[in-house]
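Here is a short tour of one strand neighbourhood and one alanine, written for someone who likes to check claims against coordinates. Have the viewer open as you read.

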Amino acid sequence: MSEGTMSTCLVDEHRTLGARMVPFAGWNMPVQYKGIIEETQAVRNHAGAFDISHMGRLIVSGRGAAAFLDALTTNHVAALEVGHGHYSMLTNEAGGIIDDIIVYRIGQDEFLVVVNASNAEKDLTWLRQHAGAEVEIADQSGATGMVAVQGPDALEAAGSVLGRALGGLPRFGVAFYEWRQAHVTVCRTGYTGEDGVEVIVPVAVAPLFWRALLAAGVVPCGLGARDALRVEAGYPLYGHEIDDEHGPVGAMLMWAVCMDKGDFVGRGAIAAARQEAPKERLVGLVASGRVVPRQGYTLWSADECVGTVTSGAFTPTRGCGIAMGYVRPPHHVKGGCVQMDVRGQRHELRVIPKKELLLPKGAPAA
Amino acid sequence: MATPEGLLYSKTHEWVRVVDDVAEIGITDHAQAELGDVVYLDLPEVGRALAYDEIFGAVESVKAVSDLYSPLSGEVIEVNAEATSATDLVNSDPYGQGWMVRLKMTQPDELQQLLDAEQYGAFAAESAH
């Protein structure tokens, strides 16, 4: 273990469960407990719990908070009702993505911003650099833990632990409850393509909450399953599909950009990128066999390199490798084929929209 | 972690079972446990000549890809087609049905460089942490 690696408030729980621990974004995190495929399927068919305490949790408040966030993020913060959240991005002047984030309005002048672990310090510095006198930014990450409960049975399981029916919480909604004399934040969000919640709990009760979920039949799941699930769902990950050099146009994330709300950092560059012929497009890719695509593998059409794999996974539902990757037009068109170079051998991949990587439940495996 | 007696082992976590001049090769229980669920095997063609320590293929798990190193010199005379299609055999039975290739040895002296069960067990326990 390298020096300075941090552990979450649930590290003893992971050790007790015999998890395999790996360093990730400066944190010592469980990659798997029983096995990645088993955990992936638990989330698709039942319910899984993930320790996501390594993610950053910031509270942005003050009279100028909404205007401040609207000037730095892509989605429309002023339009958020209290109790609702949205997916958004911090973009730089060149239109590149500093991070993808979720912004929840938890009060008229108070916002919860959840950011990637790998970018938490960078984001906090960026926000503080731009914050005026009417904005306060508090980092609540160290005082709390965060657990994602995901899967078709997740709402019922998390609701039974919290003693609340959670079905009334809208998608991307946020609510506060008391649990064991502690203040708990429940968000109906996730990163798996399944229904579920992400729950922020004070450090003192986080292990109790985790154990209660497991006692309710929720399966502990590690980062390995989390990554496979998000690739199946076609969700981007900073450092793979998006980074400071890639913008929302190529990454197919314009649905989370509000161009009509007024100016924000990066707006001009994004508007210009929209007018240009696309250099590359993020697509979904399905392998013809069990070979697993990995980040950095090159994509070819005859002798021309036409793209790169950004993330790959083995998907148990299709029984084959799947990926996301940047592909240059015209090879990005649905139904087309590209060849992936793996150790000097070519493997055929079919191009599909990334939203279609995950087969609908009950669909025949093609 | 199982490390059966009677087999020989490499420091790159392959095992070798010798019958006359043929060496059967697979990956160890320690290696399959480190890799996790194996989903793809990239194995050589029958007839290929392998040199000692040459990369002869790859084993892919859900989370990682790992090269296979030939612990001996020889010619590939058989490839385990069953394990190629049912890759979970590498996890469930690494020393049996999960074998990968059979080599006709050309330099049997190389066997002396390999570890026995006790030596490999100690080596694997050390490399795990």
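A:C337 has A:R350 as its bridge partner in β20(A). This is a predicted model, so it is worth saying at the start that local features need pLDDT of at least 70. The two strands involved, β19(A) and β20 (residues 345-352) of chain A, run antiparallel to each other and share 6 bridges. They form a hairpin with 2 residues between the strands, where A:R343 adopts a positive phi near 50 degrees.

On another strand, β16 (residues 298-301) of chain A, there is also antiparallel pairing with β19(A), here over 2 bridges. There, A:L299 sits opposite A:M340 of β19(A).

The pairings of β19(A) can be set side by side:

| Partner strand | Sense | Bridges |
|---|---|---|
| β16(A), residues 298-301 | antiparallel | 2 bridges |
| β20(A), residues 345-352 | antiparallel | 6 bridges |

Which residues of β19 (residues 337-342) lie on its covered face, and which on its uncovered one? A:V338, A:M340 and A:V342 make up the covered face, while A:C337, A:Q339 and A:D341 make up the uncovered one. Side chains in a regular strand alternate between the two faces of the sheet.

Now for the alanine. A:A19 lies in the loop that joins α1 (11-16) and β2 (20-24) of chain A. A:A19 counts as buried because 21 other C-beta atoms lie within 10 Å, and the cut-off is 20 or more. Beyond its neighbours within four places in sequence, A:A19 is in contact with A:H14, A:P30, A:Q32, A:Y33 and A:G222. From A:A19 to A:E280 the C-alpha to C-alpha distance is 39 Å, with their positions 261 residues apart in sequence.

Notes
Residues are numbered from 1 along each chain as its sequence is written. Chains are lettered from A and ligands numbered from 1 in the order in which they are written. This is a predicted model: local features need pLDDT of at least 70, side-chain atom pairs count only at pLDDT 80 or more; totals for chains, interfaces and linings use all residues. Helices (H or I, at least four residues) and strands (E, at least two) are DSSP runs, numbered from the N terminus. A residue is buried if 20 or more other C-beta atoms lie within 10 Å of its own, exposed if 12 or fewer, and partly exposed in between; C-beta atoms are placed from the backbone. Two residues are in contact if their C-beta atoms, placed from the backbone, lie within 7 Å. Two strands pair if DSSP finds at least two bridges between them.
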